[in-house]
Amino acid sequence: MANLNMEFPNKGSNHAYLLLALLLIPKFIHGNNKLLGTLDARVYHECLNFVLQPPKDAAQMGIMMNDPTGMLRLCYTPIAGFIMDTPESALIAGVMGKTSSVTMASYKELGDNFRHPPRLGAGTISQLKELELELDPWKDFQEYVKQAKANWALSDPVNFLTPEPLHHWYRAFWDHDAKWCIKALGAEEIDFCFIVLQPHTGFRHVKEGIAKLKQVTGREHQDLQRYMVSLIAGAVPADFLTAIRALMDFRYLGQSTEIDEDMCQKMDDALKEFPSHKQAILDAGVHTGGKNNVLENWFIPKLEFMQSITASIRANGVAIQWSADPTEHAHITEIKKPARATNNQNYEPQICRNLDCLDKCMRFDLMTAMKEVGLAFVDPGLENVHIGSLSEIEDDLDTGDTEDLESLKITTSAISDTTAQLILDKINSTTSQNDNITTSSLLAQNTSVGHLTGSTHTTVNYFEMASQLLKGLSPTAPMPYHTHAPTTNVAYHLIRDPNFKRLKVEDVIEKYQLPDLCGTLFDYLNRSQKGDWVSSIGGRWMGNEKSNLTVSHLNVWTRVRVQQKAYHSPYDVQDPQTLNAQPPSDMWPHGYYDGALIATDSSSVWPASSIKGEQLPVDALMWHWRSDDIYSGHSIVQLRLIFQMVPSNDVRTQDTGFLTYVQRFDIVPQVNKKFSGTKNRGAYPEPSSMLYVVKQAKRSNNTAVGDIVPLDQLRSLADLMPRFESKADTRYTKANVMESTDEFWLNKYFTKELFYALHLADTQ
């Protein structure tokens with residue numbers, strides 16, 4: 001429905017779906033088994049035609065319906081989207097086998113590098129008429145064609161068969177891309193690479209590999225695809241990697257919640273890369289069929305369907321809103337759970353009665369909750385205005401009397417304005433000015449008896465907590481505040497008590513094995529007295545391990561939680577990410593440290609400015625490819641220590657805020673003609689994977705380059721994946737791989753938000 005924003009129906013726990021009908025599962029006694037599929041499809045179409053007849057009529061003539069204010073509206077119900085997987089889309093379009101359901105491409109044309117003409121209802125009717133000239137399979141064929149012509153208004157398969165991410169993207173990745181990569185690397189090798197990856201808190205770690213996974217869900221598809229490009233890079237030919245990466249770029253771009261013409265063009269460009277390099281997949285002999293026989297063709301319906309995705313997005317909006325995730329979840333809440341409440345006999349009527357009771361209870365609970373909070377949808381001055389009953393409105397439509405209809409428009413407009421103001425007044429008291437007013441935020445203000453909408457798990461909002469602290473709403477909170485939002489898009493949170501309290505600096509150096517900590521502390525204290533922003537990681541040391549510090553003890557935390565807002569929806573708060581900085585232990589002999597992105601330019605805004613910020617002149621670099629020298633925006637680092645200086649009794653240190661000790665990673669220069677147009681090396685992504693290659697910065701004595709940076713400059717978790725090349729060292733484990741590898745990939749596919757920040761900036 002148009003009055004529900006995309007986020008609301010996409011969350012299954014909002015109960016935005018109703019059971020319309022339970023379709024028949026026929027069993028035929030016909031002797032010819034080849035006709036059973038046709039008969040089954042015929043019954044399916046008859047059922048849909050009967051069930052959907054009311055909205056089909058409304059699409060042509062309109063129907064009077066009540067809006068949320070109780071007023072009558074003349075509504076039309078064209079079909080916007082039909083959410084289904086590939087076999088069902090072929091069934092609804094009236095095609096068989098692997099024929100495209102949205103274009104006129106036949107089975108052997110599915111591998112073409114262009115989009116075929118769209119499949120229209122008129123084309124299907126003309127084909128039936130041509131068939132009638134040769135034979136008459138139905139006695140009532142004329143009546144059938146007549147009914148087919150009078151079908152749903154504005155309904156053509158190419159329009160309402162929208163992209164379905166769960167099956168067309170996630171499942172397609174697992175059925176094809178992942179299988180190609182497993183065969184190219186070998187099951188044992190790819191399993192080992194997944195096992196030895198350093199895990200990230202809150203993200204799935206594949207403990208036993210992927211080659212033998214069964215019953216893989218859409219969530220697991222997404223967990224695996226975030227690592228695939230980085231993991232196979234260097235182990236497969238460049239063209240093979242480019243083909244896989246092009247498909248991955250296309251899918252990630254298509255999952256955006258906001259897509260404009262520029263984004264559609266980027267999707268088309270990514271899709272065009274695949275045909276130019278797909279021969280490498282055939283040459284590798286990894287494209288196989290169901291019996292493991294090598295295929296030499298590209299007759300894949302999901303691959304052909306990609307040609308129509310940007311056209312569908314232009315016509316029907318972003319593709320992520322048509323995912324089958326919420327509808328498959330609705331099958332659990334609307335069918336399976338009510339079925340468990342039955343006596344296992346006569347399921348259908350008992351399921352319907354169960355859903356009817358639940359719906360009445362939820363409506364009653366919603367109304368009482370709205371009354372309790374005093375949320376009125378009608379202006380008191382308009383309560384006695386008489387608009388007319390439904391029959392009176394329909395009579396006016398038939399006779400052409402528009403006087404009452406004009407008053408209907410004026411009155412409903414006034415009510416709508418009043419309703420909007422009431423909602424704003426009610427919600428603005430508890431939400432920030434930049435938040436988006438949605439159905440979910442409105443329902444969140446009601447204190448109902450039952451659970452009306454949304455999951456029982458709520459995402460913590462560190463931005464709201466930081467705002468409340470600044471307003472003084474928690475006067476007993478320790479200072480400095482452990483929850484803070486240094487920018488409008490980034491917030492962080494530390495637990496109240498440090499994991500290691502009042503450790504001597506010498507003990508911290510020994511515990512974390514950081515011999516240069518004393519010198520970097522000395523240098524930072526000199527800088528902090530000047531109030532300088534830390535714009536460079538490393539540089540010439542002014543202090544050393546023997547420098548006299550004005551601080552002797554540190555409070556140390558082993559993790560920090562960082563929260564960001566969505567790249568395309570700055571009002572949408574994302575789940576927090578946990579960054580670890582744990583000292584060496586029995587489980588982690590070398591420590592447990594996460595990669596991160598920090599801001600090195602106060603004018604850069606993450607994620608809009610991406611990693612780059614402003615590129616410095618090449619002449620000024622003297623070919624020292626430091627990540628914070630090449631780009632003055634952000635630096636790639638590894639978080640090694642999170643701490644707070646404890647002031648001595650006799651010396652009050654000016655800076656008592658939260659600090660980090662980080663070690664810098666530099667971008668390895670690459671030749672990328674797509675970026676430079678020349679063969680010169682520069683700070684560009686590797687051309688096949690389009691990922692940055694980074695390595696730990698070293699001083700002349702081969703020690704890591706580290707520095708002290710305020711926690712306020714931390715921006716995001718960064719996934720640094722080892723560069724395994726052709727074969728991973730068998731001595732690698734998840735505990736030592738980060739310390740044993742020389743070069744890493746900056747994995748932009750780790751999260752969609754990180755992908756948008758890095759990829760969109762690189763392709764501008």
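How many disulfides does the count come to in this structure? The count comes to zero. Keep in mind as you look around that this is a predicted model.

Two cysteines are a good place to start. A disulfide needs a pair of cysteine sulfur atoms within 2.5 Å. Take Cys-357: the closest cysteine sulfur to its own belongs to Cys-361 and sits 6.6 Å away, which is too far for a bond. Cys-357 has a relative accessible area of 47%, so this residue is classed as partly exposed. Cys-181 is another story, with a relative accessible area of 0%, so Cys-181 is buried. We will meet Cys-181 again shortly.

Now step back and take in the whole chain. The protein chain has 764 residues, and 47% of them count as buried. Its secondary structure comes to 26 helices and 19 strands. Among the contacts in the chain with a separation of 6 or more, 70% are between residues 24 or more positions apart.

What lies inside? The largest nonpolar core has 142 residues. Those that touch the most other members are Trp-180, Phe-194, Met-228, Ile-232, Phe-240 and Phe-643. Helix α7, which spans residues 165-185, gives the most to this core, with 10 residues. To see the packing around one of these residues, look at Ile-232. Setting aside its neighbours within four places in sequence, Ile-232 is in contact with Leu-185, Phe-240, Leu-241 and Ile-244, and also with Cys-181, the buried cysteine from before.

Next, turn to a pair of helices early in the chain. Helix α1 covers residues 36-51 and helix α2 covers residues 53-61; the two pack at an angle of about 60°, with their axes 4 Å apart. The two helices are therefore oblique to each other. From α1, the contact is made by Asn-49, Phe-50 and Val-51, while α2 brings Gln-53, Pro-54, Pro-55 and Lys-56. Sorted by class, this contact has four nonpolar residues, two polar ones and one charged one.

The backbone has some details worth finding too. One is at Gln-215, in the loop between α8 (187-196) and α9 (218-232). Its phi is near 55°, a positive value in a residue other than glycine. With a relative accessible area of 74%, Gln-215 is exposed. Arg-502 is not a glycine either, and its phi is positive at about 55°. This arginine lies in strand β5, residues 500-504. At 48% relative accessibility, Arg-502 counts as partly exposed.

Which two residues does the cis peptide bond with omega of about -10° join? They are Met-479 and Pro-480. Pro-480 sits in the loop between α20 (462-470) and β3. Another cis peptide bond runs from Trp-606 to Pro-607, with omega near 5°. Here the proline is in the loop between β10 (595-599) and α23 (627-630).

That Trp-606 and Pro-607 pair leads on to Asn-489, because both residues are among its contacts when neighbours within four places in sequence are left aside; contact here means heavy atoms within 4.5 Å. The other residues that Asn-489 contacts in this way are Phe-463, Gln-563, Gln-564, Lys-565 and Val-605. Asn-489 is located in the loop between β3 (483-484) and β4 (490-493). Is this asparagine buried or exposed? At 16% relative accessibility, Asn-489 counts as buried.

Arg-561 is our next stop, in strand β7, residues 559-564. At 31% relative accessibility, this arginine counts as partly exposed. Beyond its neighbours within four places in sequence, Arg-561 is in contact with Tyr-462, Ala-491, Tyr-492, His-493, Pro-576, Gln-577 and Thr-578. Of these, Tyr-462 is 99 residues away along the chain, and the C-alpha atoms of the two are separated by 9.4 Å.

Finish the walk at Glu-506, in helix α21, residues 505-512. With 54% relative accessibility, Glu-506 counts as exposed. Between the C-alpha atoms of Glu-506 and Cys-518 the separation is 8.3 Å, and the two are 12 residues apart along the chain.

Methods:
Residues numbered from 1 in each chain as written. Predicted model: local features only at pLDDT ≥ 70, side-chain atom pairs only at ≥ 80, totals over all residues. Heavy atoms only, no water. Axes fitted to C-alpha atoms, helices over the stretch in contact; angles between N-to-C directions. Parallel < 35°, antiparallel > 145°, perpendicular 65-115°, else oblique. Nonpolar A, V, L, I, M, F, W, Y, C, P; charged D, E, K, R; others polar. Buried < 20%, exposed > 50% of the residue type's maximum accessible area, 1.4 Å probe, protein only. Core = buried A, V, L, I, M, F, W, Y, C linked by side-chain atoms within 4.5 Å.
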